[in-house]
Amino acid sequence: MEIIITDSPKLVAERSANLIQNLINKNPYPVLGLATGSTPVALYEKLIDLYKNNFLSFKNVTTFNLDEYVGLDPEHLQSYRYFMNEKLFNHLDINIENTHLPDGMKENPLESGPEYESLIKKAGGIDLQVLGIGANSHIGFNEPTSSLGSRTRIKTLTQKTMKDNSRFFKKDEFQPHLAVTMGISTIMESRKIILLATGKNKADAVKNAVEGPVTSVCPASALQWHPNTTVIVDFDAAEKLEYKDYYKFVLLEQDKLIQRFGGNQV
Ligand code: F6R
């Protein structure tokens, strides 16, 4: 794992936007995995900015989001499809047909997972997956004790996640407790992963994911097995990491190697 500790959430967004920009510029038909939630919003604003200033085009980009609530139609203000359209897709030159989220409205929701898996496979797999992390270390909606071998499927949300996400729902509004989410094994097949975290409320989750044991109780810890994951955090989210100085030293040494021999960051 590569750990990048930045001074601010703004820099987390900039560093991750750079990685996505590299991917899009190098790959004629890039496949991006995306996340919802508060953390990637600054990254999406940065990507829109790059597009509007002609530094980036999304014409040939295909996207797959991690998850979608079961029972919220795409027009629902809290559906992840609505969120993605509003926060990103509507502001880019992306072909909306090439943007995918799991189908949370299927008559038989159990069919959504396998269908989504085939779509990802048909697209050639995910080149770069963006992840946030829950305060309980979930990735996607893979809650603690999710199988590390899981594929896209229905998951029941924990009370903690329901409470954390209740801020997005109006009082007395229906808040789904089921979601269709990429599985941990699905996520692990992405060729590159970037995990973003900002704020003190993520410090324990980041510490457990990066420096704790690999266990299904901390779903993000599975990323320790991924050969190409970059964790980009601000100071607050990095607060509890024990090896902070070492991570900085690694990056300095890496920069020296890149300067001397060149390198591909994605
Ligand atoms: C959303 C998702 C979740 C969020 C996580 C953090 O698509 O996959 O795992 O990334 O709940 O959410 P925020 O960024 O709102 O703290």
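The following exercises, with worked solutions, concern helix packing and overall dimensions in a predicted model.

**Exercise 1.** Determine how the axes of helix α1 and helix α2 are placed relative to each other.

*Solution.* Two packed helices are described by the angle between their axes and the distance between the axes.
Step 1: the helices are α1, residues 9–26, and α2, residues 41–52.
Step 2: their axes come within 9 Å and cross at roughly 50 degrees.
Step 3: angles under 35 degrees count as roughly parallel and those from 65 to 115 as roughly perpendicular; α1 is therefore oblique to α2.
Step 4: as to handedness, α1 passes α2 in a right-handed crossing.

**Exercise 2.** State which residues of α1 and α2 meet, and classify them.

*Solution.* Step 1: on the α1 side, the residues are A13, E14, S16, A17, I20 and Q21.
Step 2: on the α2 side, they are A42, L43, K46, L47 and L50.
Step 3: sorted by class, the residues of this contact comprise seven nonpolar, two polar and two charged.

**Exercise 3.** Describe the surroundings of K46: is K46 buried, partly exposed or exposed?

*Solution.* Step 1: K46 lies in helix α2.
Step 2: the relative accessible area of K46 is 26%. Buried requires a value under 20% and exposed one over 50%, so K46 is partly exposed.
Step 3: leaving aside residues up to four places away in sequence, K46 touches A13, E14 and A17.
Step 4: K46 and N18 are separated by 28 residues in sequence, while their C-alpha atoms are 9.5 Å apart.

**Exercise 4.** Carry out the analysis for α2 and helix α3.

*Solution.* Step 1: α3 covers residues 80–87, and the axes of α2 and α3 come within 10 Å.
Step 2: the axes cross at roughly 40 degrees, which makes α2 oblique to α3.
Step 3: V41, Y44 and I48 of α2 meet F83, M84 and K87 of α3.
Step 4: by class, this contact has five nonpolar residues, no polar residues and one charged residue.

**Exercise 5.** Assess whether the radius of gyration of the chain agrees with that of a compact globule.

*Solution.* Step 1: for 266 residues, a compact globule would have a radius of gyration near 18 Å.
Step 2: the chain has 18 Å, so the two agree.
Step 3: the C-alpha trace spans about 55 × 40 × 35 Å along its principal axes.
Step 4: of the 266 residues, 51% count as buried.
Step 5: among contacts between residues at least 6 apart in sequence, 80% join residues at least 24 apart.
Step 6: the secondary structure of the chain comprises nine helices and ten strands.

Notes: Residues numbered from 1 in each chain as written. Predicted model: local features only at pLDDT ≥ 70, side-chain atom pairs only at ≥ 80, totals over all residues. Heavy atoms only, no water. Axes fitted to C-alpha atoms, helices over the stretch in contact; angles between N-to-C directions. Helix = DSSP H or I, 4+ residues; strand = E, 2+ residues; numbered from the N terminus. Parallel < 35°, antiparallel > 145°, perpendicular 65-115°, else oblique. Left-handed = near helix turned anticlockwise from the far one by under 90°. Contact = heavy atoms within 4.5 Å. Nonpolar A, V, L, I, M, F, W, Y, C, P; charged D, E, K, R; others polar. Rg over C-alpha atoms; globule rule 2.2 N^0.38 Å. Buried < 20%, exposed > 50% of the residue type's maximum accessible area, 1.4 Å probe, protein only.
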